[in-house]
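Subject: Structure handover

Hello,

Here is the structure I promised to pass on. Please look it over first; my notes follow below.

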Amino acid sequence: MSENRTLKIDPDTHDLVLDPEKEIVEINGAETVAQCVRLTLEAFRGEWFLDTGHGTDYEQILGDGTGDPETVLRAAIFQETNVQYIDQMEVSRQGRQLCAAFSGRLADGTKISLEVRA
């Protein structure tokens, strides 16, 4: 995997993360990929006007209910091209809220895992 750097985004507030000296925090490598996957899973497909294919097609899961949640989430996760495999995925639903936890591996074998609620 090529070295990729980006700004760290707080998963709870969606704000940029600052260090104690008020400098913007950067992340790289697997942490960047995990953040990109999380942001893709938190975005509804079509929400971003510059790339209407980006995001997760929650309409299939929460809207008309025709989609299999695991299939829809897998498609969203693989939008991040550095993700090679999904080793484990757990999906639960409470009303209109969906919780997904997954672990996977990148092309270089690095493991990533995260949990997202939408």
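Two strands pair if DSSP finds at least two bridges between them. Helices (H or I, at least four residues) and strands (E, at least two) are DSSP runs, numbered from the N terminus. This is a predicted model: local features need pLDDT of at least 70, side-chain atom pairs count only at pLDDT 80 or more, and totals for chains, interfaces and linings use all residues. Residues are numbered from 1 along each chain as its sequence is written, and side-chain values use heavy atoms, without hydrogens or water.

The sheet: 10 bridges join E3 to strand E4 (residues 97–106), and the two run antiparallel. Tyr85 has Arg105 in E4 as its bridge partner. The full order is E3-E4-E5, an open sheet of three strands with antiparallel pairing. Strands E3 (83–94) and E5 (111–117) are the edges, each pairing on one side only.

The helix: H1 (residues 30–42) lies across E3, E4 and E5. H1 runs at about 25° to E5 (axes are lines fitted to C-alpha atoms, for helices over the stretch in contact, meaning heavy atoms within 4.5 Å; angles run from 0 to 180 degrees between N-to-C directions).

The lining of the largest pocket: six residues are nonpolar (Ala, Val, Leu, Ile, Met, Phe, Trp, Tyr, Cys or Pro), two are polar (the others, Gly among them) and seven are charged (Asp, Glu, Lys or Arg). A pocket is an open set of points on a 1 Å grid over the protein atoms alone, where a 1.4 Å probe fits, with protein on both sides within 12 Å along at least five of seven lines; lining residues have an atom within 4 Å of a point. H1 and E5 each give two or more residues to this lining.

Best wishes
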